[in-house]
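Biologist: Please take a close look at a single part of this model. Begin with one helical residue and its surroundings, and then go on to the aromatic rings.

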Amino acid sequence: MRQIILDTETTGLEPGQGHKIIEIGAIEMLNRRMTDNRFHRYINPQREIEEAATEIHGITNQDLADQPVFEDIAAELLEFITGAELIIHNAPFDLGFLNHEFKVCGRGDGVIEQHCQVLDTLVMARHKHPGQKNSLDALCKRYGVDNTQRTLHGALLDAEILADVYLQMTGGQTTLLGESEALIMPSGTMPSSQHKEVKIDPQDVKKLNATQATAEELEQHDKWLALLRKESKGDVVWDKVAGSGSGMV
């Protein structure tokens with residue numbers, strides 16, 4: 001699956017009041033793995049940026065004087081996102097601006113929805129954590145995602161942070177034994193007396209959103225299982241899960 005994590009910065013809050021996009025940051029993810037394929041542009045809005053907006057993102061009109069207008073980057077942006085699922089936090093805000101910009105430059109109504117599916121992580125977070133704060137900063141704290149560089153908002157930085165949050169919200173998986181802390185064994189070996197039996201329903205495993213493992217990952221996985229079998233004297237929960245040798249993780 002091709003997904004694009006996207007964020008924008010703007011001159012203000014309402015495109016209907018003439019406010020414009022001034023920065024777009026978008027990162028490609030294939031099968032839950034980040035790629036080096038990115039789209040990042042600053043845009044000259046040809047209007048004043050509200051002072052309150054600058055206090056949030058730190059971008060001034062002087063910073064954008066030599067940047068292209070949206071129409072100049074519209075085709076490139078559309079080519080980058082077409083066919084992907086867009087992952088956006090508070091999607092109506094960004095979609096409202098993007099669709100407005102595309103309409104102004106003559107591409108019609110609802111351009112984003114015509115070319116992409118959209119997943120709103122704010123809606124997802126509200127379902128997972130009802131009654132709690134679900135801002136991007138709050139989710140970073142909840143899921144242990146480092147956002148210390150976010151002293152000001154920035155489209156590309158926020159997209160990078162949202163990518164980490166999204167992966168944690170949807171299971172923490174990046175690779176078979178990947179970089180995610182949710183999958184890394186703690187240093188040291190837990191004494192056998194502290195092991196707790198974990199019962200896994202094979203039907204639940206089959207319902208997971210599976211990603212096909214590569215040959216290299218399967219080899220590393222087999223090595224890890226061999227170590228677990230040695231330490232646990234053959235009593236490995238993974239071996240008890242139906243279909244665990246399918247190469248799906």
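Modeller: Two residues are in contact when heavy atoms of theirs lie within 4.5 Å. This is a predicted model, in which local features need pLDDT of at least 70 and side-chain atom pairs count only at pLDDT 80 or more, whereas totals for chains, interfaces and linings use all residues. Residues are numbered from 1 along each chain as its sequence is written, and side-chain values use heavy atoms, with hydrogens and water left out.

Let us begin with L95, which is found in helix α3 (a DSSP run of H or I of at least four residues, while a strand is a run of E of at least two, both numbered from the N terminus). L95 has a relative accessibility of 10% and therefore counts as buried (under 20%; exposed is over 50% and partly exposed in between, with a 1.4 Å probe and protein chains only). Its neighbours within four places in sequence being set aside, L95 is in contact with I88, I112, E113 and V118. From the C-alpha atom of L95 to that of G110 the separation is 8.8 Å, and these two residues are 15 residues apart along the chain.

We now turn to the aromatic rings. A search of the whole structure finds 3 aromatic pairs (ring centres of Phe, Tyr or Trp, the last by its six-membered ring, within 6.5 Å; planes under 30 degrees apart are stacked, over 60 edge-to-face, the rest tilted). One of these pairs is F39 with F80: the ring centres are 5.9 Å apart and the planes stand at 35 degrees, so the pair is tilted. It joins distant parts of the chain, since F39 belongs to strand β3 (residues 33–42) and F80 to helix α2 (residues 70–81), 41 residues apart. F39 and F80 are both buried.

F93 and F97 form a tilted pair as well, because their ring centres are 5.1 Å apart and their planes are at 50 degrees. Both residues lie in helix α3 (residues 91–104), and as they are 4 residues apart, about one helical turn separates F93 from F97. F93 is partly exposed, because its relative accessibility is 26%. F97, by contrast, counts as buried because its value is 1%.

Finally, charged side chains accompany the rings of F39 and F80. The charged end of R41 sits over the ring of F39, at 4.5 Å from its centre (NZ of Lys or CZ of Arg within 6 Å of the ring centre and within 35 degrees of the ring normal). R2 lies over the face of F80, and its distance from the ring centre is 5.4 Å.
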